[in-house]
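Colleague: I should like to learn how sheets and helix packings are read from a model. Could we work through some cases together?

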Amino acid sequence: MAKDIQISASESKFILEALRQNYRLDGRSFDQFRNVDISFGKEYGDVTVVMGGTKVQCRISSSITHPYEDRPFEGLFLISTESSPMAGPQFENGNNTGDEEVLCARIIEKAVRRSGALDIEGLCIVAGSKCWAIRADVHFLDCDGGFIDASCIAVMTALLHYKKPDITVLGDRITVHPVDEREPVSLGILHIPICVTFSFFNPQDTEENIKGDSNAEIAIIDATLREELLRDGTLTVTLNKNREVVQVSKAGGLPMDALSLMENCHKAYTIAEKTTDQILEELKKDEKKRNKYAEILSSENNRES
Amino acid sequence: MSRLEIYSPEGLRLDGRRWNELRRFECSINTHAHAADGSSYLEQGNNKIITLVKGPQEPSNKSQVDTAKALLRVTVNLTKFSKSERSKSSHKNERRVLEMQTALVRTFNRNLMLHIYPRTLIDIEIHVLQQDGGIMGSLINGITLALIDAGIAMYDYISGVSVGLYDETPLLDTNTLEENAMSTVTLGVVGKSEKLSLLLVEDKIPLDRLESVLAIGIAGSHRIRDLMDKELRRRAEKRVASALAR
Amino acid sequence: MSEVITVVKRRGDFQKFGGESLVEEDEEGDVYMSDNEDGTYANRPQEKSVANSGMQIVTPGELVTDDPIWMRGHGTYFLDNMTYSSVAGTVSKVNRLLSVIPLKSRYSPETGDHVVGRVAEVGNKRWKVDIGGKQHAVLMLGSVNLPGGILRRKSESDELQMRSFLKEGDLLNAEVQSLFQDGSASLHTRSLKYGKLRDGQFCEVPSSLIVRSKNQTHNLPGNVTVVLGVNGFIWLRKTSKMDSARDAPSIGNASAAAKSGPTGAISLRSADDISITRLEEESSWQIYSDENDPSISNGIKKTICRYSNVIKALAFCEIGITQERIVNAYEASMVYSNVGSLIERDTMEAIGHDVLNGEKMRGLGN
């Protein structure tokens with residue numbers, strides 16, 4: 001995506017040479033994920049994820065519409081990714097057809113939507129005529145690499161966080177209860193997919209990569225923008241805590257040994273596990289914070305729990 | 001609707017294959033000698049694909065010039081009649097197709113010796129006449145053949161195949177019915193090595209099963225490489241024989 | 001091909017788990033490589049196959065040799081001592097230089113090649129000419145003969161009226177003067193046998209089928225001249241006065257030309273010698289005229305068509321194209337009265353067959 005950003009020859013040489021000697025510019029080890037900082041907005045379903053210099057915001061919204069004719073029992077779920085020059089000069093306004101943008105959007109789509117992370121059958125209100133449409137808008141606010149990973153965390157956290165207004169169905173009549181009238185309800189989340197992106201570098205010649213058997217290719221996790229600019233190939237693995245691979249995308253790039261790819265998948269699993277725990281932890285904290293106010297404002301008497 | 005028996009207890013699949021059998025694989029090169037520098041026609045089961053390679057040639061657009069290496073461009077045309085039901089859209093700017101094109105460009109970018117063709121454009125045009133699952137693998141095979149036919153220097157073959165996972169059994173070279181019923185993995189393997197240039201998993205697969213799926217996929221790709229190699233050698237020998245007959 | 005294609009898991013590094021009863025498939029590649037490792041130089045399998053067919057066919061990624069004495073040429077790449085092929089083609093060993101010649105590829109120009117091209121672009125003091133190569137060739141304004149004689153200086157007005165000499169779409173024949181660093185060619189037309197093409201028809205064949213000879217322009221029976229561009233572009237035209245004049249002395253000069261090397265530089269100059277007296281008249285605006293000779297009869301047009309179609313037939317049969325073969329094929333085509341029927345598949349095959357057979361017979365006769 002960062003086609004217009006040019007990196008000087010000496011700088012790229014410096015970074016690559018450092019990688020060859022097992023160093024990364026930000027001092028991380030090769031398989032270290034950046035710290036994920038999750039913060040919540042005032043409303044449900046507003047999540048901002050910060051990973052190093054990358055900042056992604058996700059906002060969930062819902063409305064009631066008609067389901068698709070061929071899928072009367074399912075609700076609608078749409079993820080839209082927006083990149084704008086706000087994130088960096090390399091992005092064009094309103095143009096999301098660049099290679100990277102398309103790949104990024106497709107991977108998030110596959111990871112979250114096609115894997116059935118959201119229970120879309122639970123969004124059905126009246127079969128064939130009314131259903132919820134859930135929309136996740138992902139905005140890239142700042143770019144320092146790792147958009148896919150950050151977006152995936154943001155979308156999943158936002159979905160977990162979001163609460164849609166409660167409804168009651170009486171025959172054909174549907175009543176939507178405003179949030180301040182009745183406690184809103186959470187969405188049905190079936191599993192939490194986490195994306196981990198690896199960047200590959202080839203320290204030697206292409207000939208060695210293709211024909212040699214040294215397998216000296218370098219794989220680093222969660223590259224920064226500079227590393228992304230210089231990388232020779234990339235692999236995005238999406239997994240959940242149930243040891244299920246949800247999606248893998250290595251769309252060309254540096255050919256990698258199958259065995260080392262498998263190793264990467266296993267590495268990704270530990271990260272996915274950790275990140276999932278962190279997300280749940282943060283959600284719990286936020287819930288507590290909100291409930292604290294709710295308790296204060298509540299006119300109900302305290303009950304023994 | 002009765003559920004299809006994807007894999008019978010006797011070990012047979014819907015089309016009578018066993019778990020480790022490829023579909024019928026036929027290919028020919030130089031099928032469109034006048035239209036392109038290199039061309040191939042590939043049938044992998046019911047997938048029918050025409051691939052044309054034009055170039056290396058002068059880029060039509062000056063902005064496409066790269067002074068260090070050739071530029072690779074892939075256009076995939078999924079014809080409207082390629083599935084049993086005629087599709088309404090032309091698929092042209094669908095994200096799925098754009099993603100396929102990007103993946104193909106990136107796969108071959110690394111495998112072609114683009115640096116020996118500076119300031120040129122290599123244009124690959126693919127027409128999918130019929131599709132029946134595992135299309136990405138077939139596209140890779142078609143492109144490899146057409147590029148070799150065009151005489152463009154490359155490091156090695158890339159062969160592609162898709163493998164499904166049914167329960168605990170990997171099924172090699174899936175067709176549409178199988179693809180819809182289970183999760184599949186698409187691989188692009190470099191030559192006879194175990195290096196993967198392309199690896200796509202689109203549905204849930206248990207992490208611990210992935211390895212066995214990759215293993216059979218790599219073996220299948222190697223077999224496809226051999227089949228392509230056989231056809232190329234047959235053509236080459238014919239060519240050399242007619243040259244020697246002078 | 002209805003045989004079952006069964007795949008068996010390989011027992012490579014990657015294959016860590018057991019289970020199914022596996023039968024290792026006999027893979028050509030593996031056998032081939034292991035033979036290479038223990039064989040001595042003399043009895044390597046590929047050396048044998050060279051001896052058998054005279055040509056060793058390789059495909060991309062295939063190990064050509066593990067002997068470090070070879071210099072690696074085009075169509076190869078190497079890692080340590082191993083030399084691999086990067087194209088599908090035949091191995092060529094010239095002295096210590098090992099290269100793989102692709103069966104088919106775009107024309108790559110070499111200095112001295114006589115090519116036919118089409119003007120693609122008129123630029124600043126130069127024309128860009130499509131010669132069927134990887135990149136367009138350059139024809140500098142200074143490398144062409146301009147009206148008013150060879151020795152005339154190029155003026156600014158010439159620069160402004162470049163389109164009146166050659167414009168987009170015009171066909172010309174030229175010689176490759178030099179090559180640039182990136183492999184693209186610079187052309188010149190500084191001889192009267194080069195320049196704009198008229199009075200005929202264009203025909204294209206794969207460049208690999210054109211056999212380089214000391215002369216690429218031939219007068220054929222039936223008052224037709226063919227310009228066999230080394231790049232596979234062919235021009236067929238009615239024989240002009242200059243063409244017929246060129247033929248006569250070139251026979252006398254044959255020995256001189258043979259000494260002059262492959263570019264035919266001497267014979268080129270000799271062609272100039274005969275016309276130097278007419279230089280003034282020939283170098284007038286007429287050489288850039290767009291008008292065809294009005295006296296071309298239907299008969300000649302038909303003959304040109306017939307030649308064009310037999311060339312297509314030869315190309316279809318992947319037979320190298322030489323003057324002799326064109327003439328033989330032309331004669332063989334005479335049994336078909338309809339010129340248009342020559343490009344039917346069966347007919348093309350029959351003509352190709354006739355030509356090859358005829359050559360074999362003559363070979364036996366000798």
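**Reading a sheet and a helix pair**

Modeller: This is a predicted model. Strands of a sheet pair through backbone hydrogen bonds, in either a parallel or an antiparallel manner. In chain C, four strands make an open sheet with the order β14-β17-β16-β15, and their pairing is antiparallel.

Colleague: Which are the edge strands of chain C?

Modeller: They are β14 (200–204) and β15 (217–220) of chain C, each of which pairs on one side only. From one strand to the next, the twist averages 20 degrees.

Colleague: Over how many bridges do β15(C) and β16 of chain C pair?

Modeller: β15(C) pairs with β16 (residues 224–228) of chain C over four bridges, in the antiparallel sense. Within this pair, C:Thr217 stands opposite C:Val227 of β16(C).

Colleague: What lies across β14, β15, β16 and β17 of chain C?

Modeller: Helix α9 (residues 298–316) of chain C does, and it runs at about 5 degrees to β14(C).

Colleague: How should two packed helices be described?

Modeller: One states the angle between their axes and the distance between the axes. In chain B, helix α1 (residues 95–111) and helix α2 (residues 135–149) pack at about 45 degrees, with axes 11 Å apart. α1(B) and α2(B) are therefore oblique to each other. The crossing of α1(B) past α2(B) is right-handed.

Colleague: Which residues make the contact?

Modeller: α1(B) contributes B:Met100, B:Leu104, B:Thr107 and B:Phe108, while α2(B) contributes B:Met136, B:Leu139, B:Ile140 and B:Ile143. By class, seven residues in this contact are nonpolar, one is polar and none is charged.

Terms used. Residues are numbered from 1 along each chain as its sequence is written. Chains are lettered from A and ligands numbered from 1 in the order in which they are written. This is a predicted model: local features need pLDDT of at least 70, side-chain atom pairs count only at pLDDT 80 or more; totals for chains, interfaces and linings use all residues. Axes are lines fitted to C-alpha atoms, for helices over the stretch in contact, and angles run from 0 to 180 degrees between N-to-C directions. Helices (H or I, at least four residues) and strands (E, at least two) are DSSP runs, numbered from the N terminus. Angles under 35 degrees count as roughly parallel, over 145 as roughly antiparallel, 65 to 115 as roughly perpendicular and the rest as oblique. A crossing is left-handed if the near helix is turned anticlockwise from the far one by less than a right angle, and right-handed if clockwise. Two residues are in contact if their C-beta atoms, placed from the backbone, lie within 7 Å. Ala, Val, Leu, Ile, Met, Phe, Trp, Tyr, Cys and Pro count as nonpolar, Asp, Glu, Lys and Arg as charged, and the others, Gly among them, as polar. Two strands pair if DSSP finds at least two bridges between them.
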